[in-house]
Amino acid sequence: MDGRPIIKRYLDLSAEGWKQFAKNLRPLVQLINGSGGEYNLQLRENYFNIYYQGNSLAMVKSNESGPYFVDIHEKFIADDHK
């Protein structure tokens with residue numbers, strides 16, 4: 001090993017967690033696949049980022065026991081919602 005950190009590009013979920021996650025994620029993947037490259041999904045360490053035209057739109061963390069945590073970048077929120 002050369003001392004560089006290991007980058008974990010996966011979501012750490014149980015089998016049931018993956019089943020639920022895949023079901024919920026399907027519409028998002030369809031949107032991304034049909035966007036002509038405008039949207040992109042990148043796995044990070046136990047979360048994923050959604051990019052729009054190269055800009056980080058949102059960070060999404062899975063939660064097996066409840067809803068997802070979604071952090072949307074402020075530049076994608078309308079001024080009347082800030």
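# A tour from helix α1 to an aromatic cluster

Start with helix α1, residues 15-33. Select L25: a kink of about 45 degrees lies there, shortly before the proline P27. Keep in mind that this is a predicted model.

**Stop 1: the buried side of α1**

Stay on the helix. Select G17, F21, L25 and I32, which are buried. L25 is thus named twice: at the kink and among the buried residues. What do the buried residues of α1 pack against? Show strands β1 (39-43) and β2 (48-52): the buried residues pack against both.

**Stop 2: the loop between the strands**

Now go to the loop between β1 and β2 and select R44. R44 is buried, yet it has no salt bridge. Look for the nearest side chain of opposite charge: E45, at 10.0 Å. A salt bridge would need a side-chain nitrogen within 4 Å of a carboxyl oxygen.

Which side chain does the side chain of R44 meet in a polar contact? Select Y51: the contact spans 3.0 Å. Then show what else surrounds R44. Neighbours within four places in sequence set aside, R44 is in contact with K8, R9, Y10, N49 and Y51. Y51 therefore appears in both views, as a polar partner and in the contact list, with 3.5 Å as the cut-off for a polar contact.

**Stop 3: the aromatic pairs**

How many aromatic pairs are there? The count comes to 2. Select Y39 and Y52. Their rings form a tilted pair, 4.9 Å centre to centre, with 45 degrees between the planes. Y39 lies in strand β1 and Y52 in strand β2, so this pair ties together parts that are 13 residues apart in sequence.

Are these two tyrosines buried or exposed? Y39 counts as partly exposed, at 27% relative accessibility. Y52 counts as partly exposed too, at 24%.

Keep Y52 selected and add F76. The ring centres of Y52 and F76 are 6.4 Å apart and the planes stand at 85 degrees, so this pair is edge-to-face. F76 lies in the segment after β4 (69-72) and Y52 in strand β2, so the pair ties together parts that are 24 residues apart in sequence. F76 is partly exposed, with a relative accessible area of 29%.

**Last view**

Select Y39, Y52 and F76 together: they form one aromatic cluster. Y52 pairs with Y39 in a tilted arrangement and with F76 edge-to-face.

Definitions and conventions
Residues numbered from 1 in each chain as written. Predicted model: local features only at pLDDT ≥ 70, side-chain atom pairs only at ≥ 80, totals over all residues. Heavy atoms only, no water. Bend = angle between axes of the 7 residues up to and from the residue. Helix = DSSP H or I, 4+ residues; strand = E, 2+ residues; numbered from the N terminus. Buried < 20%, exposed > 50% of the residue type's maximum accessible area, 1.4 Å probe, protein only. Contact = heavy atoms within 4.5 Å. Lys, Arg positive; Asp, Glu negative; His and termini not counted. Polar contact = N/O pair within 3.5 Å; in protein donor to acceptor, adjacent residues only side chain to side chain. Phe/Tyr/Trp six-rings, centres within 6.5 Å; stacked < 30°, edge-to-face > 60°.
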